[in-house]
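Visitor: I should like to learn how to read a protein model step by step. May we begin with a single residue and then widen the view?

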Amino acid sequence: MLSKEQKHNEQVTNNFNLSEMEFYDRIPDKLLDASRELLRNLQVIRDTCGKSIKIISGYRSPERNESVGGAKKSQHMEGNAADIQISG
């Protein structure tokens, strides 16, 4: 069984680590699967376009989401959203 620290440092795909979704806030354990799925989908996009993807913003706690002016039902708070930058 993985420790909490190991879970949050998990290499989900060839190019994405779960910790990339955590900038300011730690993803609650109950939302880890949603973030893993998002990272797998981002890997498909990366593989398809052949360009690297940088995650600018991933999981946000409700407090952080409010402080940045995020939508009241933002998917960032569910681990289902990321703001990304695609190189080139």
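Visitor: Is P62 buried, partly exposed or exposed?

Guide: Please keep in mind that this is a predicted model. To judge exposure, one looks at the relative accessible area: buried means under 20%, exposed over 50%, and partly exposed in between. P62 has a relative accessibility of 44%, so it counts as partly exposed. Its place is in helix 3. Between the C-alpha atoms of P62 and D33 there are 18 Å in space, and the two are 29 residues apart in sequence.

Visitor: Where is S61 found, and is S61 buried or exposed?

Guide: S61 belongs to the loop between strand 1 (53–57) and helix 3 (62–67). With a relative accessibility of 11%, S61 counts as buried, because the cut-off for that class is 20%. Setting aside residues up to four places away in sequence, S61 touches D25 and M77.

Visitor: How many helices and strands does the protein have, and which pattern does it follow along the sequence?

Guide: The secondary structure comes to three helices and two strands. Read along the sequence, these elements give the pattern α-α-β-α-β.

Visitor: Which residues does H8 touch, beyond those up to four places away in sequence?

Guide: One begins by locating the residue, and then lists its contacts. H8 lies in helix 1, and its relative accessible area of 2% makes it buried. Its contacts outside that sequence window are N17, L18, S19, E22, R26, I27, D29 and L32. As an example of a distance, the C-alpha atoms of H8 and P28 are separated by 9.8 Å, while the residues stand 20 positions apart along the chain.

Visitor: Where is F16 found, and with which residues is F16 in contact?

Guide: F16 is found in the loop between helix 1 (4–8) and helix 2. Its relative accessible area is 0%, so F16 is buried. Leaving aside neighbours within four places in sequence, F16 is in contact with E10, Q11, L39, L42, Q43, R46, I53 and I55. F16 and R40 are 24 residues apart in sequence, and their C-alpha atoms lie 8.1 Å apart in space.

Visitor: Which residues touch the most other members of the largest nonpolar core?

Guide: The general idea comes first. In soluble globular proteins, nonpolar side chains tend to be buried together. In this model the largest nonpolar core has 13 residues, and those touching the most other members are F16, L18, M21, I27, L39, L42 and I55. Helix 2 (32–49) and strand 1 each supply at least two residues of this core. The largest share, four residues, comes from helix 2. L42 serves as an example: apart from residues up to four places away in sequence, L42 touches F16, I53, I55, A82 and I84.

Visitor: What share of the residues counts as buried, and what share of the contacts joins distant parts of the sequence?

Guide: Of the 88 residues, 36% count as buried. Among contacts with a separation of 6 or more, residues 24 or more positions apart account for 56%. The accessible surface of the protein comes to about 5600 Å², and 49% of it belongs to carbon and sulfur atoms.

Visitor: What radius of gyration does the protein have, and what would a compact globule have?

Guide: One compares the value with that of a compact globule of 88 residues, which would be near 12 Å; the protein has 13 Å, which agrees. Taken along the principal axes, the C-alpha atoms fill a box of roughly 35 × 35 × 15 Å.

Visitor: How far apart are the mean positions of the positive and negative charges?

Guide: The protein has 13 positive and 13 negative charges, and their mean positions are 2 Å apart.

Conventions
Residues are numbered from 1 along each chain as its sequence is written. This is a predicted model: local features need pLDDT of at least 70, side-chain atom pairs count only at pLDDT 80 or more; totals for chains, interfaces and linings use all residues. Side-chain values use heavy atoms; hydrogens and water are left out. Buried means under 20% relative accessible area, exposed over 50%, partly exposed in between (1.4 Å probe, protein chains only). Contact means heavy atoms within 4.5 Å. A nonpolar core is a set of buried Ala, Val, Leu, Ile, Met, Phe, Trp, Tyr and Cys residues joined through side-chain atoms within 4.5 Å. The radius of gyration is taken over C-alpha atoms; the globule rule is 2.2 Å times the number of residues to the power 0.38. Accessible areas come from the Shrake-Rupley method with a 1.4 Å probe; for residues, only the protein chains shown count as cover. Lys and Arg count as positive and Asp and Glu as negative; His and the chain ends are not counted. The place of a charge is taken as NZ of Lys, CZ of Arg, CG of Asp or CD of Glu.
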